[in-house]
Structure formats: C-alpha cells, structure tokens
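User: Please take a close look at one part of this structure and describe it in a connected way for a reader who has not met it before. A formal account, one that links each element to its surroundings, would be most welcome.

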Amino acid sequence: HFNFCSGPAMLPTAVLERAQQEMLDYQGKGLSVMEMSHRSSDFMAIAERAEADLRELLAVPDNYSVLFMQGGATMQFAGVPLNLLGNGGTGNYLDTGIWSQKAIREAEHLDSAHVVASASDNRYTAAPAPADLSLSDDAAYLHYCENETIGGLQMDYVPDTGVPLVCDMSSSILSKPIDITRYGVIYAGAQKNIGPAGIVIVIVRNDLLERARRETPTLLKWKAFADNGSMLNTPATYAWYLSGLVFDWLKGQGGVEAMARINARKAAKLYEAIDASGFYGNPIAPANRSQMNIPFMLADEALNPVFLNEAEEAGLLNLKGHRSVGGMRASIYNAMPEAGVDRLIEFMRDFEQRHG
Ligand code: PLP
C-alpha cells in the first residue's frame, strides 16, 4: 500500500520497522523510549542526536537555535507575532493560500498584520512576483508559506526584502537543500516530512530571541526553549525519538540533496501524467507547482467517488483532495517511494482508458 495522505503522512518503512524492534526494550535498557524520563541520560542522548542530525541535514549555522516545541505549526502562527513584535513594528505577510491566511489571522488578533501581496488576484494559481511585494514602513518581519499544502502552490523564490524572513515550511522542510542564512525563522509541523504528529520544529536566528512581547506565554517563548534545550516542560518524547530515526534514515539516503533529486523526478512524472490529456487537470502555474502536494481534478467530477474507490482497492490510499479544493491530492513527501508514484500514474492511465 502507498499512503498519499497530506498529514499525518507516510513514514519510511525502515523507520517504522526499527521503531517496532526497539519499542518494548530500547537497546537492552529494559524499557521503552515512551517510558523514559525526558531528563534521563538515555533520552538526552536521543534528543541531542536528533538535533545534531537535523542541523547536519540542513546545514544549520551555530548562530541559530533549533527548538522542539508542541502545538503544531498552528501554535507558531501565534508564536511568530508574539516573539517578534516586542519592539513594535508590524507583521508583514505574503498570502499564497489557506495556510498563509491562518497565519495572518493570528497576527490580526494582535492588530498587527499587513498583507504585502496576495495570490487571490489570480485565484491562488501563481505566487505574486517579487517586485509586487509592498512592505509596510514599519515591517518587523515578512512571513510566507513555502509550500501551500492544500492549494498545491509552492514558492519559486526566496523573498529578499531586508527584514527578517519568517517561513512556514511545514510541508516542504527536508525535501531539498535550503540556505538557512536567508531566514530569520523557519518552523515546520513534524507530521509531514519529519515524523509523527506532536512536534513542531522552530529554527531561529539567535539575535531574534530578544524581541518577544511581554505577554508571550512561557510555552510559546522561543528564548525560553533555546535556554532550556527545549525541555522547559515534558516534551513530546516519543515523537522526538521517531523524528530522530527519520533524520538518521535521511542521512543514510544521501541527505536532502539526494531527496531533492528524487522528489523532482517524482513530481515531474506525476504532473506529466496529469497534463497528458484533458481527463485530469492541475490549475497551478508551472513555476509554482508543488513538488510535495499535487492536487488534480477529474474533468468529470461525477467520477470522483469511483476513482477513489478503485484507487483504494489498488492500494493507493488517501487521495481525496481537501474539501475546500475538491478533486484529488497526492502528497508525495520524502517517505513516498518513486514506485508509489509509478503505481499511481499506471492506475491513472488505466482508469482513464476505462472511463475516458
Ligand atoms: N502550515 C502548513 C503549510 C500546513 O500544511 C499545516 C498542516 O497541517 C499547518 C501549517 C498546520 O500544522 P499543524 O496541524 O501542525 O498545526
């Protein structure tokens, strides 16, 4: 079976097998990682190793902190303005879809959201051009979503505006190399390209840790997490451990450079299959087509339930599109093997022949 769920998403089989082997008795210690004190030397070693591997995979410079927090990426929608607007200024936001808008709404709660440009002008089929981003004079940061998981719109450039750049990378982190130094803050919920649900990773440049608003709850304060090794309270220990297994697996696969090559190939062949006839369609401008979440519509919507039923029978799971978009969506994160995409394409061709 191949699981095309957008999140929680498929995990590498090798990771699940290793977790199964170690679940009852972690490396002969006589207990499960789930049962360990987060302050025990065994768990501290697991936690530190995970952070070190993530730093290595993404080449995170020393002047950035890597935080393992909870509350998902959604909590960081509030965490971003709370942590960055303590010295005044306005949160600036690029709107490329539903997740961008959710982030904007949280800044609006603090009366501090300025939208620099919106893809609503083209019904969210293309990213606004760099020249069209109009920042407010008092911009404290610019926030954007690298890959809109629902709409399937991925940015084709990194905005360069002179203010700290804050990026929601929930559905694209670790899918390709990134230049961390371009960013002030990167955050990502784990349950797509990292591990199981329960953790959100925050990577923040250390000079930005001093800008929190006074009312920021301790459990949202990046500086408090940075100062305490993300162990301010009990962290999501098992999710942290599993994320570490995924990082280790990724290193064995050749890291993010190798993943980027495979991901580009997987996405290219799936888009090619979608474009091959009028039977399927994807509305996103070619430069902004997501490499991770690929929505596609059937020209004849009446066939949607038939497609989904037959796909499931063929072992292709969770292809139903988000309710706001309709149609289908194939999420093909790092853990989706190329063979899964090949199987989907074969199924799509066969389905078209029988129903086209
Ligand atoms: N941002 C993006 C781009 C997402 O795809 C998601 C997905 O759920 C979220 C934020 C919200 O993440 P969470 O459910 O971890 O709060």
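Analyst: In what follows, helices of at least four residues and strands of at least two are runs assigned by DSSP, and they are numbered from the N terminus. The model is predicted. With these element names, Asp160 can be placed in the loop between β7 and β8, the latter covering residues 165-168. Asp160 is exposed, because 10 C-beta neighbours lie inside 10 Å, and a residue with 12 or fewer is classed in that way. The C-alpha atom of Asp160 is separated by 36 Å from that of Ala276, a residue 116 positions away along the chain.

The close look itself begins with strand β3, which comprises residues 90-95 and has six of its six residues buried. In a regular strand, side chains alternate between the two faces of the sheet. Which residues of β3 lie on each side, and are they buried or exposed? Thr90, Asn92 and Leu94 belong to one side, while Gly91, Tyr93 and Asp95 belong to the other, and all of them are buried. Both faces of the strand are therefore covered, as the burial of these residues shows.

Strand β3 is paired with two other strands. Five bridges connect β3 with β4, residues 113-118, and these two strands run parallel. Within this pairing, Asn92 has His114 of β4 as its bridge partner. Between β3 and β4 the chain passes through helix α4, residues 98-108, and the resulting β-α-β crossover is right-handed. With β5, residues 139-145, β3 shares four bridges, and the two again run parallel. Here Asn92 is bridged to Leu142, and Gly91 is bridged to Tyr141. Asn92 thus has a bridge partner in β4 and another in β5.

The pairing continues beyond β5. Because six of its seven residues are buried, β5 is largely enclosed by the rest of the structure. Four bridges link β5 to β8, and these strands are parallel as well. Leu142, the partner of Asn92 in β5, is also bridged to Leu165 in β8.

The ligand's surroundings come next. Its shell consists of Gly7, Gly72, Ala73, Thr74, Trp99, Cys145, Thr149, Asp168, Ser170, Ser171, Gly189 and Val200. By class, four of these residues are nonpolar, seven are polar and one is charged. The element that gives the most to this shell is α3, with three residues.

Ala73 is one of the shell residues, and its place is in helix α3, residues 72-84. Ala73 is buried because 27 other C-beta atoms lie within 10 Å, where 20 or more suffice. When neighbours within four places in sequence are set aside, the contacts of Ala73 are Asp168, Ser170, Tyr187, Ala188, Gly189 and Val200. Asp168, Ser170, Gly189 and Val200 are themselves among the residues around the ligand.

Thr149, also in the shell, sits in the loop between β6, residues 147-148, and β7, residues 153-154. Its 27 C-beta neighbours inside 10 Å place Thr149 in the buried class. Apart from residues within four places in sequence, Thr149 is in contact with Ser6, Trp99, Ser170, Ser171 and Asn293.

Annotation from UniProt can be set beside this picture. An unreviewed entry places the feature "binding site" at Ala73, Thr74, Trp99, Thr149, Asp168, Gln191, Asn233 and Thr234. These positions span 162 residues in sequence, and the farthest two C-alpha atoms are 30.4 Å apart, so they do not all gather at one spot.

For "binding site", UniProt, in an unreviewed entry, also lists Ser6 and Arg39. They are spread over 34 residues of sequence and also in space, up to 33.1 Å between C-alpha atoms. Ser6 lies in the loop between β1, residues 2-3, and α1, residues 13-23. With 21 C-beta neighbours inside 10 Å, Ser6 is counted as buried. Not counting residues up to four places away in sequence, Ser6 touches Thr149, Asn293, Arg329 and Ser331. Arg39, by contrast, is found in the loop between α1 and α2, residues 41-58, and is exposed, with 10 other C-beta atoms within 10 Å.

Definitions and conventions. Residues are numbered from 1 along each chain as its sequence is written. This is a predicted model: local features need pLDDT of at least 70, side-chain atom pairs count only at pLDDT 80 or more; totals for chains, interfaces and linings use all residues. Two strands pair if DSSP finds at least two bridges between them. A crossover is right-handed if, with the strands pointing away from the viewer, the path from the first strand over the helix to the second runs clockwise. UniProt positions are given in the numbering used here, feature names are shortened, and annotations may be inferred rather than shown by experiment. Two residues are in contact if their C-beta atoms, placed from the backbone, lie within 7 Å. A residue is near a molecule or strand if its C-beta atom, placed from the backbone, lies within 6 Å of it. Ala, Val, Leu, Ile, Met, Phe, Trp, Tyr, Cys and Pro count as nonpolar, Asp, Glu, Lys and Arg as charged, and the others, Gly among them, as polar.
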